[in-house]
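Please open the model in your viewer and keep the selection tool at hand. The tour below proceeds stop by stop, stating at each what to select and what is found there.

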Amino acid sequence: MSAVGLWTLGLAAAYTAFLVLANRRLARRPAEDRAASFFVGGRRFSAWTVTFCITGLFSGSSFISVLELSYLTGVSALWYGVAETVQILLIALLLVKPLRKRLVVTVTGIIGDRFGRAAKLVAGTITAITFPMWSVATTIAFASALHVFTDLSLPLSVTVTAVLLLAFLSAGGMQSVGFNQTMNCLLFAVMAVVGVSALLSAPGRAALAELPVQRPDLLDPLATGPALILAWFGTFLVNVPLAQAAFQMSLSARSPEEGQRGMVRAAALGAPFIVLGAIIGCAAAIAVPSGDRGLEAVPRFLAEALPAPLVALFFLGIWACALGWAGPCQFSGATSLGRDVGSALRPNATPEQLVRWTRWSLVALTALMILFAVLRTEQSAWWNILAWTLRNGATLAPVLAAFAWPLATRTAAGTSMIAGFGAGLAWYQLSDWSVSDFHLGVHPVWVGMSVNVIVLVLVTLVQAGSRTAWRADRGGVLALVGALILPVVTALGAPVLHPLGLTGPAVLATTVLVLVAAVRCVHHGGDAAGRRGTRCEDLRPAARAATL
């Protein structure tokens, strides 16, 4: 084992031990309602605690993803971080206050409250399976450093990393997450200082000077490809109403306003990390040019540029990134599995039982995360997108319907979740699980969500049948007209739109317009007749007027 390996393991073990001991002290604090404190920190977080929680959650994962992607595709990786920042701002501006009024904890809880125990069971299971996929992305980053600096194989490095993660997570619930995220953010700052030092060293300066000469392609802002960039934006935007871990943190604030302020500050704090990750990744591509694993090249670049203790400090920051993203993800996934699935199976379970089942779920999801890491250890960002494809493909439509469409049925919610999840999975199989080469040139994330939305609409309309009535709502009619026109425009413009990756987004947009039209125009018969008395036949003149 090299000196860097010894320093890295020693610092990571010491930091983890510190967190475990601190969390055990937090767990001994008195609390009026221990179950509520476990899941939402007793709703006592300040705005700055929310800031550190969200920064630790998103900035750490963005830094690692951009670091790896920029090694392969250069500065175009910045779009990944931009898309994630837009997502944070939209959650802050649109959802924190409404969700706080509903006192929700998880997305699966929202679905369960609206569509019943069976829907909660399906949503909780799918959500729980996908959270270890998000966790594995950052876990691989630290495990790769262990693999480079020690004699441990990559699978064994992943196992060691996962066990360390479980050790500190099992202690104290959301209060522990708040404390850990604050400590992680302090280490992010240390890591950033060390990273800048590496760029200012002789190997770093030489690599950056050679960048425009040796690899001008890395300076292309669209080198990643429009299809993948659009998939990032589409995924993060659609993820806005589904960002369960972020909800759980921001809704732990003392007030909705403090939760909102915390998220906006987090978006600002994350920007420097995104830019720094791209610069270090590009420098590593020049200094260590061979290979396709950026997460293994970066440690080698830093080992050339800095003394062992400083390199170890940088990777202690990577360990903090792993904890900052994987910790809340594992905890939120375990909440879905232990609390939501548990309460769906045993509605009379006590709060203490739900907490105990959540702790057991943490162990199960750790084992699942190790399995995922062994199956695919390269392209950590791929795991993030796969998780979004499967989770969002299952829960997007039911969550939208829970907020906006009283007519949606339980059968429709359950069917749409299974259909969307299966469609995303099947499309990945047809694409041979590729990172960037997809079946028919359409990313699976669009397929899964489109199927999810349209199945919910169709099954609801079939089940509701004669009990429905139409109401000529102007917005709904316009959405319906848009849903008819958009496929025609997409087909006519296919030679231009398809190479840009716009076919998938157009299909999803069409299905969402159909959903909007259904939400605005289709109601329970009694509701529509009682309020406005406008039925199906009354829609036709309005539709003609809107078309004209």
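Angles between helix axes under 35 degrees count as roughly parallel, those over 145 as roughly antiparallel, those from 65 to 115 as roughly perpendicular, and the rest as oblique. This convention is needed at the second stop. Please bear in mind throughout that the model is a predicted one.

**The whole chain**

Begin with the entire protein in a cartoon representation. It comprises 24 helices and 2 strands. Of its 548 residues, 59% count as buried. Among contacts between residues at least 6 apart in sequence, 85% join residues that are at least 24 apart.

**Helix 15 and helix 16**

Next, select residues 308–345, which form helix 15, and residues 351–375, which form helix 16. Two packed helices are described by the angle between their axes and by the distance between those axes. Here the angle is about 130° and the axes lie 8 Å apart. Helix 15 and helix 16 are therefore oblique to each other, since an angle of this kind falls in none of the ranges from 65 to 115, under 35 or over 145 degrees. The crossing of the two helices is right-handed.

Now display the side chains at the contact. On helix 15, the residues to select are Gln330, Phe331, Gly333, Ala334, Thr335, Leu337, Gly338, Arg339, Gly342 and Ser343. On helix 16, they are Leu354, Trp357, Thr358, Ser361, Leu362, Leu365, Thr366 and Met369. By character, the residues of this contact comprise 8 nonpolar, 9 polar and 1 charged.

**Arg339 and Asp340**

Remain at helix 15 and select Arg339, which is one of the residues in the contact with helix 16. Side chains of opposite charge can pair when their charged atoms come close. The side chain of Arg339 meets that of Asp340 in a salt bridge, at 3.3 Å from N to O. Are these partners buried or exposed? Arg339 counts as partly exposed because its relative accessibility is 23%, whereas Asp340 is buried, with a relative accessible area of 1%.

**Further salt bridges**

A search of the whole structure finds 4 salt bridges. For another of them, select Arg254 and Glu258, whose closest N and O atoms are 3.1 Å apart. Arg254 is partly exposed, at 48% relative accessibility, while Glu258 is buried, at 13%.

Then select Arg520 and Asp473. Their salt bridge brings the closest N and O atoms to 3.0 Å. Arg520 lies in helix 22 (residues 503–521), and Asp473 in the loop between strand 1 (468–470) and helix 20 (474–492), so the pair ties together parts that are 47 residues apart in sequence. Arg520 is partly exposed, with a relative accessible area of 36%. Asp473, in contrast, counts as buried at 10% relative accessibility.

**The loop between helix 18 and helix 19**

For the last stop, move to the loop between helix 18 (410–430) and helix 19 (444–464), where Asp432 is found. Select Trp433 as well, which is placed in the loop between helix 18 and helix 19. What is the phi of Asp432? It is near 60°, a positive value in a residue other than glycine. Phi of Trp433 is also near 60°, again positive in a residue other than glycine. In a surface view, Asp432 counts as exposed at 64% relative accessibility, and Trp433 is partly exposed, with a relative accessible area of 28%.

Key:
Residues are numbered from 1 along each chain as its sequence is written. This is a predicted model: local features need pLDDT of at least 70, side-chain atom pairs count only at pLDDT 80 or more; totals for chains, interfaces and linings use all residues. Side-chain values use heavy atoms; hydrogens and water are left out. Axes are lines fitted to C-alpha atoms, for helices over the stretch in contact, and angles run from 0 to 180 degrees between N-to-C directions. Helices (H or I, at least four residues) and strands (E, at least two) are DSSP runs, numbered from the N terminus. A crossing is left-handed if the near helix is turned anticlockwise from the far one by less than a right angle, and right-handed if clockwise. Contact means heavy atoms within 4.5 Å. Ala, Val, Leu, Ile, Met, Phe, Trp, Tyr, Cys and Pro count as nonpolar, Asp, Glu, Lys and Arg as charged, and the others, Gly among them, as polar. Buried means under 20% relative accessible area, exposed over 50%, partly exposed in between (1.4 Å probe, protein chains only).
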